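Here are some exercises to work through with the model open beside you. Try each task before you read its solution.

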Amino acid sequence: QARSLSCEMLSGFSNLRADLSCHLFARVPPAPLRSEVQRDVNRVHEIWRAQLDRHGGPFLAGRFGVLDCMYYPVLTRFRTYGVELPDDLAPYAAELESSAPVRALVAVARGAPRIPIYDDYVRERGGDPDAAL
């Protein structure tokens, strides 16, 4: 099960990845999503719900693991672009954000070199690449 979900994450969600670039600290005003992107968002929600129901949470496989690492960038994309999470998934998002590995990643990212193309994309969408720094 985890292997197939990992493969789906690695090879899927191309519309989501194309339209919602990964940027930890940017914030972009919410805008309507293309239907293909919304379909990817809905599928992510389905996967998260199924995994949380199957394993009882608080993480996708019960305890923090590789699936959470793989889906954390998706969560950051949702946050960056103002894609609302359904109420039932908010506790998972909060748990993931407050986990020690994610906090460590964010601390390292604060000092990482900038990637101008990502900052430019955010600005083109009316956002601020430094909003959450």
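A residue counts as buried when its relative accessible area is under 20%, as exposed when that value is over 50%, and as partly exposed in between. Keep in mind that this is a predicted model.

**Exercise 1. Work out whether F13 is buried or exposed, and say what its backbone does.**

Step 1: place the residue. F13 sits in the loop between α1 (2-11) and α2.
Step 2: apply the cut-off. The relative accessible area of F13 is 6%, so F13 is buried.
Step 3: look at the backbone. Phi of F13 is positive, about 60 degrees, although F13 is not a glycine.

**Exercise 2. Do the same for N15, then list what N15 touches.**

Step 1: N15 belongs to helix α2 (residues 14-19).
Step 2: its relative accessibility comes to 25%, so N15 goes down as partly exposed.
Step 3: leaving out residues up to four places away in sequence, N15 touches R34, E36, V37 and D40.
Step 4: for a distance check, take N15 and E124. They are 109 residues apart in sequence, and their C-alpha atoms are 18 Å apart in space.

**Exercise 3. Find T80 and describe its surroundings.**

Step 1: T80 is part of helix α4, which covers residues 66-80.
Step 2: with a relative accessible area of 0%, T80 is buried.
Step 3: skip anything up to four places away in sequence, and T80 touches H23, A26, R27 and V28.
Step 4: pick A26 out of that list, because a polar contact needs an N or O pair within 3.5 Å. The side chain of T80 reaches the backbone oxygen of A26 at 3.5 Å.

**Exercise 4. Find which peptide bond is cis at P58, and place that proline.**

Step 1: check omega. The bond from G57 to P58 is cis, with omega near 0 degrees.
Step 2: P58 falls in the loop between α3 (35-55) and α4.

**Exercise 5. Classify how α5 packs against α4 and against α6.**

Step 1: recall what to read off. Two packed helices are described by the angle between their axes and the distance between the axes.
Step 2: start with α4 and α5 (residues 90-98). Their angle is about 110 degrees and their axes are 11 Å apart. That is why the two are roughly perpendicular to each other.
Step 3: name the residues. From α4 come D68, Y72, L75 and R79, and from α5 come Y92, A93, L96 and E97. By class, this contact has five nonpolar, no polar and three charged residues.
Step 4: turn to α5 and α6 (residues 100-110). Here the angle is about 60 degrees, with the axes 5 Å apart. So α5 is oblique to α6.
Step 5: in this pair, L96, E97 and S98 of α5 meet A100, V102 and R103 of α6. The contact divides into three nonpolar, one polar and two charged residues.

**Exercise 6. Zoom out: what secondary structure does the chain have, and how compact is it?**

Step 1: count elements. There are seven helices and zero strands, in the order α-α-α-α-α-α-α along the sequence.
Step 2: compare radii. The radius of gyration is 15 Å, close to the 14 Å that the globule rule gives for 133 residues, so the chain is as compact as a globular protein of that length.
Step 3: the C-alpha trace spans about 40 × 35 × 25 Å along its principal axes.
Step 4: check burial. Of the 133 residues, 39% count as buried.
Step 5: finish with contacts. Among those between residues at least 6 apart in sequence, 74% join residues at least 24 apart.

Conventions: Residues are numbered from 1 along each chain as its sequence is written. This is a predicted model: local features need pLDDT of at least 70, side-chain atom pairs count only at pLDDT 80 or more; totals for chains, interfaces and linings use all residues. Side-chain values use heavy atoms; hydrogens and water are left out. Helices (H or I, at least four residues) and strands (E, at least two) are DSSP runs, numbered from the N terminus. Buried means under 20% relative accessible area, exposed over 50%, partly exposed in between (1.4 Å probe, protein chains only). A polar contact is a pair of N or O atoms within 3.5 Å; within protein, one must be able to donate a hydrogen and the other to accept it, and residues adjacent in sequence count only if both atoms are side-chain atoms. Contact means heavy atoms within 4.5 Å. Axes are lines fitted to C-alpha atoms, for helices over the stretch in contact, and angles run from 0 to 180 degrees between N-to-C directions. Angles under 35 degrees count as roughly parallel, over 145 as roughly antiparallel, 65 to 115 as roughly perpendicular and the rest as oblique. Ala, Val, Leu, Ile, Met, Phe, Trp, Tyr, Cys and Pro count as nonpolar, Asp, Glu, Lys and Arg as charged, and the others, Gly among them, as polar. The radius of gyration is taken over C-alpha atoms; the globule rule is 2.2 Å times the number of residues to the power 0.38.
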